[in-house]
Structure formats: C-alpha cells, structure tokens
There are 4 protein chains.
Amino acid sequence: MVAGAKTTAAGPIKYGMVGGGQGAFIGAVHRIAARMDGHFELVAGALSSQKTRALASAKELGLDPARSYGSYEEMAKAEAAREDGIEAVAIVTPNHMHFPIAAAFLKAGIHVICDKPLTSSLADAKKLVKLADASDRLFVLTHNYTGYPMIRQAREMIAKGKLGSLRVVRAEYAQDWLSEELEKTGQKQAAWRTDPKQSGDGGSIGDIGTHAYNLACFVTGAVCESLSADLDTFGKGRKLDDNAHVNLRFEKGLKGTLWCSQVAPGNENGLTLRVYGAKGGLEWSQENPNQLWYTPLGQPKQLITRGGAGSGDAAARMTRIPPGHPEGYLEGFANIYGEAALAIRAKRRKGGKLPKGAVFPTVHDGLKGMQFIDACVKSDKKNCAWVKL
Amino acid sequence: MVAGAKTTAAGPIKYGMVGGGQGAFIGAVHRIAARMDGHFELVAGALSSQKTRALASAKELGLDPARSYGSYEEMAKAEAAREDGIEAVAIVTPNHMHFPIAAAFLKAGIHVICDKPLTSSLADAKKLVKLADASDRLFVLTHNYTGYPMIRQAREMIAKGKLGSLRVVRAEYAQDWLSEELEKTGQKQAAWRTDPKQSGDGGSIGDIGTHAYNLACFVTGAVCESLSADLDTFGKGRKLDDNAHVNLRFEKGLKGTLWCSQVAPGNENGLTLRVYGAKGGLEWSQENPNQLWYTPLGQPKQLITRGGAGSGDAAARMTRIPPGHPEGYLEGFANIYGEAALAIRAKRRKGGKLPKGAVFPTVHDGLKGMQFIDACVKSDKKNCAWVKL
Amino acid sequence: MVAGAKTTAAGPIKYGMVGGGQGAFIGAVHRIAARMDGHFELVAGALSSQKTRALASAKELGLDPARSYGSYEEMAKAEAAREDGIEAVAIVTPNHMHFPIAAAFLKAGIHVICDKPLTSSLADAKKLVKLADASDRLFVLTHNYTGYPMIRQAREMIAKGKLGSLRVVRAEYAQDWLSEELEKTGQKQAAWRTDPKQSGDGGSIGDIGTHAYNLACFVTGAVCESLSADLDTFGKGRKLDDNAHVNLRFEKGLKGTLWCSQVAPGNENGLTLRVYGAKGGLEWSQENPNQLWYTPLGQPKQLITRGGAGSGDAAARMTRIPPGHPEGYLEGFANIYGEAALAIRAKRRKGGKLPKGAVFPTVHDGLKGMQFIDACVKSDKKNCAWVKL
Amino acid sequence: MVAGAKTTAAGPIKYGMVGGGQGAFIGAVHRIAARMDGHFELVAGALSSQKTRALASAKELGLDPARSYGSYEEMAKAEAAREDGIEAVAIVTPNHMHFPIAAAFLKAGIHVICDKPLTSSLADAKKLVKLADASDRLFVLTHNYTGYPMIRQAREMIAKGKLGSLRVVRAEYAQDWLSEELEKTGQKQAAWRTDPKQSGDGGSIGDIGTHAYNLACFVTGAVCESLSADLDTFGKGRKLDDNAHVNLRFEKGLKGTLWCSQVAPGNENGLTLRVYGAKGGLEWSQENPNQLWYTPLGQPKQLITRGGAGSGDAAARMTRIPPGHPEGYLEGFANIYGEAALAIRAKRRKGGKLPKGAVFPTVHDGLKGMQFIDACVKSDKKNCAWVKL
C-alpha cells in the first residue's frame with residue numbers, strides 16, 4: 001500500500017489540460033488519474049479547439065473562467081506569465097496536435113504529460129525529441145499500461161533473470177468496436193482515429209499497437225531491432241489499418257509477435273502479454289490485471305496476485321489496497337501520474353532524484369512508438385519485408 | 001460513462017474524517033473514494049484516538065493544523081461552529097466507536113458517512129437508527145460492494161423479472177489472512193477485528209459476513225425472515241468466529257446460504273454471489289467485478305460486461321470508462337461516495353430529490369446487518385436453531 | 001500413463017448388464033467405461049424390464065440372442081449355470097431394483113458392479129450390506145467421480161498432511177435440467193428420478209447429493225458424524241427434493257456444507273469440491289477435471305495438472321495420456337472399472353491382493369450414501385435439526 | 001448422444017497396428033480410440049521395428065502370437081493372405097516410415113489409418129497421394145483434433161455464415177516439453193522428433209504445427225494460398241525448429257497467423273483457435289474442449305457447451321454423453337476412428353455412402369500438411385518471404 005501515500009502533504013501540483021472537452025474520452029480518464037491520489041489539481045484548460053465547446057467544458061469542470069482558454073497558444077502564454085501558473089500540462093488531443101502543443105508548453109517552461117502516440121508523423125516525433133531533450137522540463141508519455149502493478153512485477157522478474165534468457169514474446173491488443181464502419185455514423189472517437197490527417201499513418205497500429213509494442217519492450221527490457229508487418233483494412237472505405245500482424249526481432253535472439261485488431265468480435269480491450277524464456281514463462285491479461293501467471297520450468301503454474309504472495313517491490317510501489325480487492329485501469333493510469341508527480345517534485349529540488357524504482361514512459365519511448373508505426377507501414381508496402389528500427 | 005461526470009462544476013463537498021490515521025487501512029480507501037470523482041474534499045479530521053498519531057496523520061495528509069482535532073467531540077463542536085465547517089463526516093474507526101461518533105455529528109447537524117458494521121451491538125444500532133431517523137441529516141453506510149456496476153446490473157435484471165421467481169441465492173465471502181493467529185503478532189487490523197470489545201459479537205460474520213448478507217439482500221431485493229448459523233473459531237485462543245455457515249430463509253420461498261471465512265487458504269477476497277430463479281441464473285465474483293454471468297434457462301450462458309452489450313442503465317450510472325478497461329474496488333467504493341454526494345446536494349435544495357436510480361445503503365441497512373450478526377450468534381448458541389430476523 | 005496398461009494380455013473379463021436398454025443413459029456410459037481399457041467384454045444382458053425392448057436393445061449391441069434375457073432372475077440363473085458364464089454383472093436400473101438384482105447375482109456367485117445410490121431405501125441397503133459381506137463376491141459401487149485422477153491427487157495430498165488439520169470442506173453439485181417439470185413431458189430420465197417408488201426418498205440428494213457427499217468423504221478421508229438438511233421442492237407437483245442445503249459435521253472438528261440442486265440455471269454438472277486446512281487449500285471442479293488448485297498457506301496458488309509437475313502417484317495410476325490432453329468423465333468412469341478388474345483378477349488368485357493404491361467404492365460406501373439420504377430427510381422433517389449418521 | 005451408438009451390432013472391424021510397441025505413446029492412444037466405441041478390434045501387429053520388442057509388445061497386448069509380425073512387409077503379406085485378415089491397419093511409427101508402410105498395405109488391399117504428418121518429405125507425400133487415389137482402399141489421417149465436437153460445431157457455424165465473411169484466424173499450439181534438450185537424455189519421444197532422418201524437415205511445425213494448420217483449414221473451410229514463416233531453434237544443438245511464427249494468407253482475404261512452440265514454459269498442449277468475421281467471433285481451446293465461445297457482433301459473448309443450448313447437429317454426431325460431463329482427447333480421437341468405421345462399412349456395401357455430416361481427414365489433408373511444412377522451411381530460408389502453397 002504505497003502508491004498515492006505520503007505525498008499529499010505537499011499539496012497537489014497545479015496543472016492544465018489541452019483537449020478533453022465534451023465528447024472526448026481520454027481527457028476524463030486523465031483527470032481522474034490525476035486526481036485519484038491527490039497529486040494534481042486541474043486549474044486551467046483549453047479543452048477544445050472549438051471555442052464554445054472549450055468554454056462550456058471548462059464551466060462543467062468548474063474551472064476559473066479566467067483560466068479557460070480558447071487556444072493552447074493563448075494558454076501557454078498566459079499560464080507562463082502567471083505567478084500561480086500551471087506547473088504541468090496534460091495533452092489529450094488527437095495525435096496530430098500533440099507536437100505543436102507540446103512544443104509550445106515546453107518552450108513556456110511547463111512540464112508536459114502527453115497522450116500517445118507521440119505525434120502523427122515520425123518527422124514530428126524526431127523534432128519533439130530534440131526539443132524535449134534540450135528542455136529542462138519533463139516529458140511524460142502516458143503509456144498507461146506500464147502503470148499496472150503486475151506489469152511492473154513481470155518486468156522485475158525478468159530483470160532478475162527468473163525466466164532465464166528470453167526466447168519468445170507474444171503481445172496482443174484486440175478490440176471489436178470498429179468491426180463495422182462506425183466512423184460513418186459520425187461517432188467522434190471513430191472519426192478521428194480513422195482519419196490519416198488526425199491520426200497519422202497508423203490506424204490500429206497507432207491507436208493500440210503502440211501500446212502492445214511499448215508493453216513488450218517495457219516488460220522484456222529488450223531492444224527491438226527489426227520488424228515485418230502485414231496490415232489489413234477490413235472496414236469498407238477505411239483509409240487506415242484496422243488489423244495488423246507484426247513479427248518482431250529483438251536483440252539477443254528474442255523473437256516476438258504482435259497482433260492488434262479493432263475488428264475482432266468478442267474482444268473489448270484484449271491486451272495480453274506472454275513472455276517465454278529458457279527457465280520459465282509469464283502470462284498477463286489487461287482485462288484481469290491483478291493476476292500474473294508464472295511458470296518456473298518443470299514446476300506447477302503459479303498465480304501471483306497484486307500484493308499477494310510472490311508479489312515483489314516493483315508491484316508494491318504501484319499498489320494501493322490489499323490483494324483480492326481489484327485495482328483497475330484508472331489506478332494503473334494514476335500510477336503514471338504518480339510517477340510524474342514524483343519526477344516533478346524532484347525537479348523542484350536542486351539535484352532532486354527520482355526514488356528507487358520510479359520509472360515512466362518518456363518522449364524517447366514515444367519516438368520508439370513512432371518508429372514502430374513507420375516501420376510497420378514501410379514493411380507492409382514491401383509485402384512484409386523486414387525493416388530495421 | 002456517467003459516474004463522476006458533470007457534478008464537479010458545483011465544487012467539492014467539504015468533509016472531515018474520524019479515524020483513518022497512520023496504520024489504518026480503510027481510512028485511506030475512503031479518502032481515495034471521496035476524491036476520485038472530485039465530489040469531496042477533506043478539510044478536517046480527528047484521525048486517531050491517540051493525539052500524537054492524530055496530528056502526525058493530519059500533517060501527512062496536508063490538513064490545516066487548526067482543523068486537526070484531538071477528539072471527535074472537539075471536532076464535531078468546532079466544525080459545527082465554523083461558517084465553513086464540514087458538511088459531512090466519514091467515520092472509519094473500529095466498530096465500537098461508530099455509535100458515539102455518529103451520534104455526535106448527527107447532533108451537530110453534519111451528514112454521516114459511516115463504515116460498516118453499523119455498531120458493535122444491536123442495542124447501539126437501534127439507538128442510532130432512532131437518532132438518524134429523527135435527524136434531517138443523511139446517514140450513508142459504506143457497504144461498498146453495492147457500488148459495483150455489475151451488482152447494480154444484477155439487481156436491475158432481477159427487479160425486471162429476468163430470473164423469474166427466485167429460488168436460491170448463494171453468497172460467499174472467503175479470505176485466508178486469519179488462517180494463523182495474526183492478532184498475536186500485534187498486527188493492528190487483526191487485533192481489533194478479533195477483539196470483542198472493539199468489534200462486538202461478530203468476528204468474520206461482522207467483518208465480511210455482513211457484506212455478503214447485505215449484497216444478497218440488495219441484489220435479490222428480498223427480505224430475509226430467519227436464519228440458522230453454525231459459527232466456528234479455528235484460530236487458537238481466538239474469541240470471535242473466523243468461519244461461519246449460515247442458512248437463510250427469505251420471503252416468498254427464496255432459500256439462501258452464506259459462507260464467510262477468514263481461514264480458507266487460497267482466498268483473498270472471494271466474495272461471490274449466485275442467484276437462481278425459475279427462468280434464469282446470475283453469477284458474479286468480486287475479484288473479477290466487471291463481469292456478470294447470465295444464463296436464461298435453456299439458452300447458452302452469456303457474459304455481460306460492464307458497459308458492454310446487455311449491460312443496462314443501472315450499471316451505466318456507476319460506470320466511468322468503456323468495457324474492457326477494468327474498474328475495480330476503489331471505483332465501486334467511489335460510487336457510494338458519488339451517491340452520497342448526490343444526496344447531500346439534493347438536501348441543499350428545497351424539496352431536492354435524488355436522481356432516478358440513485359440508491360445507497362443507510363442506517364436501516366446497517367441495522368439489518370446488526371440483526372444478522374445478533375441472530376447468527378443466537379442461532380449458534382442454540383445449535384443452529386432457526387432464529388427470526 | 002499407467003491406467004489401462006498391461007492387463008489386456010490376460011484378456012477381457014466377461015460381464016453382463018441388467019438395465020441400460022434403449023432410452024437409458026447410464027448403461028451406455030458403463031459399457032464404454034468397461035470397454036475403454038479392454039478390461040471387460042459384454043456378453044450377456046437383461047437390458048430392460050420390458051421384454052421386447054430388452055431383446056431389441058440386445059440385438060443393437062450385438063449380443064448373442066441366447067444370452068439376451070427377459071429378466072434378471074433368468075439371467076442370473078442361466079449365466080451361473082454356463083461354464084463360460086459371466087464373471088461380473090453391471091446393474092444400471094432405476095434405484096429400487098438395485099437390491100433384488102444385486103442379491104440375485106451375489107447369490108449366483110457373480111461379482112456385482114452397481115450404479116448408485118445403492119438402493120431405494122435404507123432398510124434394503126442394510127440387507128444388501130449383510131448379503132455382500134457374507135458373500136465372497138465383490139461389490140463395486142460406481143461412484144465414478146472418485147475415479148478422476150485429480151480427485152485421487154487431492155486425496156493423496158490430504159492424507160500426506162499437505163493441508164494440515166482440516167477445517168472446512170465445501171461440496172456442490174448443481175444442475176439445471178429439472179428447472180421446469182420435465183417429468184411431465186414423459187422424459188424417461190426425469191420421470192423415474194422424480195418418482196419416489198423408483199428413486200426412494202431422495203430426489204436431488206439421492207441422484208447427485210450422494211455423489212458430492214461420497215466425494216467429500218473420499219477426498220478428506222474424514223468420517224461424517226451428523227448433518228442438518230434443508231430440502232426444497234421447487235418444481236410444481238414434484239414429490240421429491242430438487243434442491244438441498246446440507247451442513248455436515250465430521251470428526252475432529254471438520255465442518256462441511258453440501259449444496260445439490262437440479263434447478264440452478266447455468267449449471268450443467270457443477271460438481272465442485274473445496275477443502276481448507278490449517279496449512280493450505282484445494283479446489284477442484286468436475287467440468288474441468290484435469291486441474292487441481294492448490295494453495296500452500298502464504299504461497300501463490302498453484303495449478304496442478306493431471307500428469308504435470310506436482311502430480312503424484314495416486315493420480316498417475318489413473319492416467320492414460322500426458323498432461324494437456326484432457327481426460328474426461330468416461331475415463332474417470334473407466335478407472336472405476338479398471339479398479340474393479342484388478343480386484344476381480346486378484347480374486348481369481350489364491351490370496352490375491354489388490355495392487356498398492358487400488359481403491360474403489362463398495363457396498364459400505366453405498367450404505368453411507370443411503371444413511372446420508374435418510375438423515376437428510378429426517379433432518380428436514382424436523383426443521384433442520386442435527387441428525388446423527 | 002450419437003457417437004458410438006448403434007453400430008456395434010455389426011461387430012467390430014478387425015485391424016492391425018504397425019508401430020506402437022513398448023515405449024511408444026501414440027500407439028496406445030490409437031488402441032484406446034479404436035476400442036472405445038466397439039468399432040475396432042486389434043488382432044495383428046508389427047509393433048516395433050526391433051523384433052524382440054515387437055513380440056514382447058504383442059504379448060503384452062494379448063495378440064495371437066501367429067499374428068505378431070517382425071516386419072510390416074511380412075504382416076501386409078500374411079494378413080492379405082488370411083481369409084480372416086485385417087480389414088484396416090493403423091500406422092503409428094515415426095514419420096519417415098509412414099510412406100513405405102502405407103504403400104505396402106494399400107497394395108495389399110487393406111484400409112490405412114495413419115498418424116500425421118503424412119510422411120517425412122513432400123516427395124513421398126505426393127507419391128502416396130497418387131497411390132491412395134489409385135487405390136479403392138480408404139486412407140484416413142488421424143488429425144484427431146478435428147474429432148472434437150466443438151470443433152465440428154465451430155465449422156458448422158462458420159459454414160452457415162454465423163461469422164459473416166471471415167477476416168482473421170489465429171491458431172496456436174504451444175508446449176514446453178522441449179524447453180531443455182530432452183533428446184540428449186535418450187527420451188524416445190524427443191529423440192525421433194528432433195531427428196531430421198525420422199521426422200523430416202519439420203520439427204515443431206511438423207509435430208504440432210500441422211495440427212494447428214489442419215484445424216484452421218478444417219474449421220474455416222478456407223484454402224490457404226501462401227505463407228511466410230520464421231522458424232527458430234532454441235534448443236542447443238537441435239537440428240529442427242522448436243518454435244515457429246507463421247503468417248497465412250487464405251483465399252477471399254482471410255488472414256491468419258499460426259504459432260507453434262515446444263519451448264514455451266507453462267504450456268502443455270495449448271492448442272487454441274480463434275476465428276473472427278464481419279459478424280462474429282469464435283474462440284476454442286483444446287485443454288477445455290467442451291466449450292466454444294461465440295460472440296455475435298454487438299451481443300454478449302456466449303458459452304456454447306458440447307450438447308448444451310446452442311450446440312447443433314455436427315457436434316451432436318460426435319457426442320456420447322450429456323453436457324457438463326467432459327469428453328476429452330481420447331473421445332475426440334475415437335471420433336476419427338468412428339468416422340473411419342462408418343467409411344469402412346460403407347465401402348463394404350455396393351455404392352455405400354457415408355452418412356450425412358461424416359467427414360475425416362484424408363491423404364489429401366496430409367499432403368496439405370506436407371506442403372505447409374515444405375513452404376515453412378522454404379520461407380524461413382528466404383528470410384520469411386511469402387511462399388505459395
């Protein structure tokens with residue numbers, strides 16, 4: 001029971017949000033995640049690119065009207081100028097806006113917490129990395145699944161050599177909500193996700209494939225060197241992939257596969273990860289995230305539960321309540337915000353350091369995700385040829 | 001995606017807490033639940049009966065020192081006197097203190113949100129009901145499992161007659177953390193739960209059995225008329241039950257059983273509910289709370305997921321995020337706080353009413369829980385004779 | 001991979017069958033079970049009490065017409081007189097006929113393999129025990145679930161003390177096929193099972209409750225001393241119970257509960273067993289019989305699979321194929337026939353003994369089952385008073 | 001309850017076996033499968049290529065010594081010459097012997113039931129197809145998993161259009177028994193499976209990959225047009241693949257993936273199949289074969305059980321016992337023998353036809369399996385280039 005504890009004494013970090021107004025989904029998730037452990041307080045926003053919606057959304061959230069902005073540019077400028085200006089901004093717009101917004105706030109001296117994928121193009125991503133690296137501000141990318149306690153547990157076990165040398169990793173992220181052409185109905189979530197102008201070159205590979213890829217890399221700690229991808233577009237008239245089979249080659253002989261799909265009926269958020277090594281195997285499923293299956297070779301399969309027997313320090317850092325009381329998606333998301341809060345507070349101190357074990361996805365992970373999307377598209381165009389990463 | 005939305009504009013309700021200081025467990029849960037949707041803000045506390053611990057705990061939580069009190073009496077008095085005094089108090093002490101504290105705050109005109117079981121004796125419970133009924137303040141009992149969306153779904157389906165006339169209900173709540181005599185090690189949670197002075201007459205039946213009983217009643221909507229109980233104490237030297245088998249007879253011929261145990265190795269919080277009627281069956285498990293199994297007689301078993309196909313309005317009211325992204329224990333708990341917030345805000349308005357579907361456990365449910373404990377103890381003493389409720 | 005091996009060299013044991021003609025269910029199961037490992041060969045039968053059906057059934061099965069009998073009396077007499085007469089008989093009639101048929105064959109010097117429950121009345125059961133004890137012929141009762149490898153595994157682990165002193169055993173056997181009054185449609189299986197004349201005093205408690213009771217006793221190795229039962233008849237106009245909640249008190253403080261139901265929609269053959277002791281817990285479900293969950297207190301839950309790591313000698317004796325290839329109900333049933341074959345062959349040898357570990361349910365287990373039924377009925381009539389066994 | 005019924009009147013078909021002596025695994029499985037429903041009787045054998053072992057094995061099985069042969073050539077000749085000679089032969093040797101043995105028996109006018117993969121080389125496979133096509137004898141390949149009732153159910157549902165146009169099929173077959181170099185210990189099963197001389201060019205892809213491939217084709221009814229394969233050999237010094245990732249392109253735009261591995265700790269026989277179409281999805285796992293998950297798009301997921309609600313004719317043909325009593329691997333295997341028996345008996349009749357729905361894998365399916373292996377090896381050598389089938 002460590003997560004969220006003992007830091008509230010310092011008072012919440014004031015932050016603002018860009019995007020996330022009425023009709024959005026992920027913005028609300030960020031707000032709950034930010035609030036859950038008392039680490040953050042929302043005080044400003046440019047909640048929509050449509051001014052009326054932005055203001056209405058701000059009112060709904062109880063924001064000070066003076067700090068409800070009609071554009072992110074205005075917000076960055078105004079907040080930077082205020083003595084009590086925001087210390088961080090959460091960017092939750094469609095992908096193509098991540099870059100200019102992040103750039104504006106970094107330049108304004110404000111920490112950035114940005115949804116994934118990093119940008120809508122690899123070129124933008126590279127620029128953003130340069131900007132972020134040159135800045136002394138933090139860039140936190142919300143690959144939220146890395147915040148699940150049992151994902152931390154899996155990563156720790158692998159790092160400690162419990163699986164021996166790694167051989168095979170299998171990542172899947174399957175959904176079914178785009179089985180029909182939902183975008184034609186005007187549904188906002190479907191519309192921008194299937195629009196190359198807003199999403200970039202990746203459909204399912206950008207929206208969910210990057211999550212699976214990030215998770216495979218995060219848990220195994222391995223570097224992916226090349227990939228081969230077969231992209232499908234089953235929805236009629238759709239311009240981006242809605243299903244993809246990707247083969248991955250990591251360093252040291254680790255082989256991987258990744259399947260992402262938004263057209264697989266019966267799957268809601270079927271994000272699963274399986275890792276096999278010479279000495280053991282691990283299996284995890286996002287829809288039942290408090291459990292991790294561990295098989296030491298030659299022994300019975302074990303069920304390691306969050307906070308239960310066999311669960312170690314890395315998971316404990318991410319845990320609020322005892323085993324058997326499930327923590328879920330929002331808690332995992334809040335853990336990323338918790339790590340961000342630790343990092344922001346460390347930044348305040350001269351020479352401040354992150355506590356042991358603290359880790360969060362950065363702009364560099366975001367770049368890897370963009371390279372993944374880019375390589376998938378290239379490989380697919382060459383009939384699944386291997387493409388270096 | 002309804003829960004937690006659209007009410008934050010009004011600003012959070014200021015509340016205080018009694019109990020829940022360092023070393024406590026459920027206090028932290030209440031605080032997260034209260035905070036999650038932005039409905040409540042903690043501004044005062046008497047966080048421990050030990051003054052030093054109370055103050056240290058308050059400091060840790062960032063409370064204004066002026067509103068960190070050394071006793072609940074002092075706190076009730078002082079907060080009632082303040083213009084910006086708390087509107088509600090959360091009581092999270094051991095059971096025997098619920099009554100005097102609740103009484104003090106009700107008298108001070110402050111809404112009460114109280115952990116369960118209601119009190120440590122049936123006599124206290126009856127007095128408290130009178131007090132609460134006579135007061136115009138709210139009394140919310142945190143039988144938190146009633147806040148799970150799929151529990152609301154089950155309740156709704158039964159109320160709509162999907163199962164036909166009810167025949168059998170099976171409730172279980174199994175844990176294993178008291179398999180050994182943990183209380184002898186000084187562990188605080190185990191110590192007070194096995195101490196009749198602090199817990200009252202019920203051990204496992206009070207701590208977890210009341211949850212299972214409450215859930216069975218809440219979901220079936222049926223009134224339990226009598227019970228027969230066989231209580232066990234397997235821990236050596238333990239004074240209260242740590243395992244119980246209870247048979248229940250409800251009105252209209254519904255038969256039930258309830259098993260609670262804190263000595264069943266392999267069970268963390270194995271709270272499950274199964275209900276069978278002439279036309280169908282339902283099965284639910286707390287450790288995987290986003291799923292509800294429904295079998296219409298003569299058809300294949302169906303998996304209804306929170307927010308997914310087949311999931312209705314009652315569940316939707318309790319839901320934040322789309323299906324496949326699990327919500328957990330804290331969200332369920334926060335839903336009780338959400339209902340409490342609705343009720344408190346309704347109270348503010350002249351003739352204010354709760355929105356359709358809003359429901360929360362009250363002092364009367366608490367009384368039923370105490371009657372359950374009392375009847376279990378009586379029945380056990382008479383070799384499991386049937387005792388009326 | 002032991003079961004069924006190495007004994008076929010001796011050639012199959014010739015056996016006959018009483019009951020099990022057209023329209024029957026369990027007869028076909030016995031025939032497959034008898035044949036599966038080559039231990040038995042069906043050569044004679046009185047397959048129905050209706051002569052025409054008996055002959056038609058025999059023809060269908062390819063029996064020698066000379067050995068297809070119109071009555072069991074005739075069969076017992078004729079087979080006893082033949083030099084190549086049957087060595088064993090399988091009795092698969094409705095319950096009320098078990099006694100006279102078994103008596104006739106035992107008297108004729110023929111081993112008896114009889115379906116459960118033993119008889120339709122306790123009085124008959126007692127007589128049959130006397131007869132069987134006085135005979136030098138074998139009496140094998142097909143409590144087939146004891147033939148499942150992982151049930152043997154559970155029994156072995158408990159006998160070796162892996163769970164420490166036993167505290168709680170939970171047995172369930174839930175079905176839904178009698179949720180409506182199927183017997184009114186003329187369905188043969190439903191008709192005789194709900195008819196006291198053919199079934200005796202027990203409905204669900206006789207048909208499936210005895211299985212659950214037998215399994216609880218077999219696995220724990222504990223003696224049940226008394227019980228309290230609450231019987232229900234939900235089907236309209238039904239004369240026997242179709243649902244029962246039974247509390248059990250075993251020696252040495254072990255407490256048990258048993259639930260059997262034939263009116264629980266969503267349950268096909270939901271026979272489950274859970275055993276908890278001071279040091280660990282075990283959980284098993286008949287519908288996935290190749291798995292056994294084992295939790296050593298304070299360690300992660302383990303999945304022991306038939307033939308896999310952690311699976312021991314007792315299970316291995318009952319196993320044909322490697323782990324991961326499921327064995328099912330028929331294999332478990334065949335294991336009882338395998339044990340019977342071992343016993344019959346041992347009988348042929350002077351001073352022949354069963355191999356180590358061989359065990360099968362006998363007439364004495366059958367008597368215990370009848371005492372269980374009798375006690376349930378008595379307890380229920382006395383409003384669930386405790387009745388000694 | 002159809003499988004195995006009503007045909008025993010005709011008496012069993014006499015058959016012989018080549019291979020399957022002491023130390024073998026699959027031979028015993030074939031014998032149980034052949035015997036289970038009374039369709040076949042083993043009367044002859046050349047049970048090992050080592051004469052002493054062959055005779056000892058025959059003795060153990062109770063074969064007539066006159067019909068226990070030292071070689072398959074001798075056996076084919078002698079049995080063809082006997083008036084009561086075998087009508088069929090089961091070939092259960094290592095792969096490289098399938099071709100000459102099958103050829104010998106077909107030439108001798110004896111039906112062949114052969115284990116998979118068909119041969120050890122594609123060239124042999126093509127020759128065998130010619131031979132078998134030219135013969136009027138039957139050639140049954142025991143791709144046993146096609147005998148599982150719920151696999152038939154899945155196939156029927158897809159054929160009826162329940163999933164709409166197919167989009168994605170995911171087949172997996174994962175084991176862990178070769179995680180270490182078991183072949184170095186002299187274990188017979190591991191030794192021949194990792195030896196190219198006995199197995200051919202395929203390691204895991206031949207041993208288990210062909211099963212998964214066959215199942216994907218059987219269930220979807222789709223023709224695979226090309227594949228891309230990445231083969232791995234993780235075991236040190238091993239000459240054949242022990243892990244493979246294969247991408248499949250079927251006609252009509254259906255995309256597939258296949259993973260087979262014998263080095264994935266925690267997997268015993270993890271054969272799973274998932275099929276997704278425009279209107280629904282199906283999921284099945286061999287380790288729990290009595291269940292089939294079906295999701296009609298936009299409706300709750302359904303659990304279809306063997307013999308239960310929603311289970312149709314194709315499954316019923318393969319079913320012996322009611323739902324909830326699991327049938328397993330041996331029953332599925334016996335179903336192939338059941339289909340073979342129907343076909344053999346139909347052959348006896350002039351113009352005899354198979355009953356409606358009867359279907360079994362043939363030499364042509366075997367050829368497809370060999371083409372699969374061959375294409376996998378070719379693709380792997382070309383760095384996973386697409387290879388036509």
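**Exercise 1.** In which helix of chain D does Lys378(D) lie, and is Lys378(D) buried, exposed or partly exposed?

*Solution.* The model is a predicted one, and in it Lys378(D) is part of helix α12 of chain D, which covers residues 363-381. For the second part, one counts the C-beta neighbours of Lys378(D) inside 10 Å and finds 15. A residue is buried with 20 or more such neighbours and exposed with 12 or fewer, so Lys378(D), with its 15, counts as partly exposed. As a further step, Ser228(D) may be located: Ser228(D) and Lys378(D) are separated by 150 residues in sequence, while their C-alpha atoms are 9.0 Å apart in space.

**Exercise 2.** Describe how helix α1 (residues 26-36) and helix α11 (residues 329-348) of chain B are placed against each other.

*Solution.* The two axes come within 8 Å and cross at roughly 65 degrees. Because angles of 65 to 115 degrees count as roughly perpendicular, α1(B) is roughly perpendicular to α11(B). The crossing in which α1(B) passes α11(B) is right-handed. On the side of α1(B), the contact is formed by Val29(B), Ile32(B), Ala33(B), Ala34(B) and Met36(B), and α11(B) contributes Leu330(B), Phe333(B), Ala334(B) and Tyr337(B). Sorted by class, this contact holds nine nonpolar residues, with no polar and no charged ones.

**Exercise 3.** Work out which helices of chain C each supply at least two residues to the side that touches chain D.

*Solution.* To begin with the totals, 33 residues of chain C are in contact with 33 residues of chain D. The helices of chain C that qualify are α1 (26-36), α2 (51-60) and α11 (329-348), and α1(C) gives the most, namely four residues. Finally, this side of chain C divides into twelve nonpolar, twelve polar and nine charged residues.

Conventions. Residues numbered from 1 in each chain as written. Chains lettered and ligands numbered in written order. Predicted model: local features only at pLDDT ≥ 70, side-chain atom pairs only at ≥ 80, totals over all residues. Axes fitted to C-alpha atoms, helices over the stretch in contact; angles between N-to-C directions. Parallel < 35°, antiparallel > 145°, perpendicular 65-115°, else oblique. Left-handed = near helix turned anticlockwise from the far one by under 90°. Contact = placed C-beta atoms within 7 Å. Nonpolar A, V, L, I, M, F, W, Y, C, P; charged D, E, K, R; others polar.
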